[in-house]
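Q: Please take a close look at a single part of this structure, the cluster of aromatic rings, and set it against the cores and disulfides.

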Amino acid sequence: QVQLVESGGGLVQAGGSLRLSCAASGRAFTIYGMGWFRQAPGKEREFVAAIRWTVGSTSYGDSVKGRFTISKDNAKNTVYLQMNSLKPEDTAVYYCAHAPNWCSNFGSGSQGCFAYWGQGTQVTASS
C-alpha cells in the first residue's frame, strides 16, 4: 500500500503561479514513475504531467506544455508540479498518482499505469 499526500493548492489570480507537492510513503514500495492529473467540474480526469523515477524523463499534456514543470526529489519520495502562467481553465482538483511498475503507455499518461492516487488538492485560477 502506498499513501500519497498532496499539498500546495489554493486560489491565485490568472497569470500567477503555484507549486504542488506530493509525498509518497509506505512499506517497501517501488516507484516506476509518478504523475499529476486534474479534474474540473463536469469533465473527465485529464493527464497533466508524468515523470519516470530513475531516468527523470518527463511528459506533459498538450494544454500545459511550456507552462507547467514536473520534478522530483528521490530522497524524499516527493514529486512536484510547478504551475506558471495559470489560466482560469486550469481550475480543477489536482491528483497525484503513483505507478509502481513499467507501463508501456506511461509517457502518454494512461491512467491504467497508475495504481495509487492521492486525495486531490483544489487549484483555482481566477480571472
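A: A residue counts as buried when its relative accessible area is under 20%, as exposed when it is over 50%, and as partly exposed in between. In this predicted model, F37 has 0% relative accessibility and therefore counts as buried. W117 has a relative accessible area of 26%, so it is partly exposed.

The ring cluster is made up of Y32, F37, F47, F106, F114 and W117, linked by ring pairs. The structure has 6 aromatic pairs in total. In one of them, F37 meets F114 edge-to-face, with 5.1 Å from centre to centre and 80 degrees between the planes. F37 belongs to strand β4 and F114 to the loop between β9 and β10, so this pair ties together parts that are 77 residues apart in sequence. Both F37 and F114 are buried. F37 also pairs with W117, and here the geometry is tilted: the centres are 4.9 Å apart and the planes make an angle of 55 degrees. Because W117 lies in strand β10 and F37 in strand β4, the second pair ties together parts 80 residues apart in sequence.

The loop between β9 and β10 also carries a disulfide. C103 and C113 both lie in that loop, so their bond ties together parts 10 residues apart in sequence. Their sulfur atoms are 1.9 Å apart, the link is left-handed with -60 degrees about the S-S bond, and both cysteines are buried. C113 is also in a core of 10 residues, whose members include F47, A50 and F106. F47 and F106 are members of the ring cluster as well.

The structure holds 2 disulfides. The other joins C22 and C96, with sulfur atoms 2.0 Å apart. Its S-S torsion is about -75 degrees, so this disulfide is left-handed. C22 sits in strand β3 and C96 in strand β9, so the bond ties together parts 74 residues apart in sequence. Both C22 and C96 are buried. With the bonded cysteines numbered in sequence order, the pairing is 1-2, 3-4.

The largest nonpolar core has 27 residues, of which M34, W36, V79, L81, M83 and Y94 touch the most other members. Strands giving two or more residues to this core include β4 and β9, while β3 supplies the largest share, 4 residues. Among the contacts of L81 are W36, V48, F68, I70 and Y94.

Two other rings have a charge over them. The charged end of R19 sits over the ring of Y80, 4.0 Å from its centre. R45 lies over the face of Y95, at 5.8 Å from the ring centre.

Note on methods:
Residues are numbered from 1 along each chain as its sequence is written. This is a predicted model: local features need pLDDT of at least 70, side-chain atom pairs count only at pLDDT 80 or more; totals for chains, interfaces and linings use all residues. Side-chain values use heavy atoms; hydrogens and water are left out. A nonpolar core is a set of buried Ala, Val, Leu, Ile, Met, Phe, Trp, Tyr and Cys residues joined through side-chain atoms within 4.5 Å. Buried means under 20% relative accessible area, exposed over 50%, partly exposed in between (1.4 Å probe, protein chains only). Contact means heavy atoms within 4.5 Å. A disulfide is a pair of cysteine sulfur atoms within 2.5 Å. Rings of Phe, Tyr and Trp (its six-membered ring) pair if their centres lie within 6.5 Å; planes under 30 degrees apart count as stacked, over 60 as edge-to-face and the rest as tilted. A charge sits over a ring if NZ of Lys or CZ of Arg is within 6 Å of the ring centre and within 35 degrees of the ring normal. Lists of a residue's contacts leave out its neighbours within four places in sequence.
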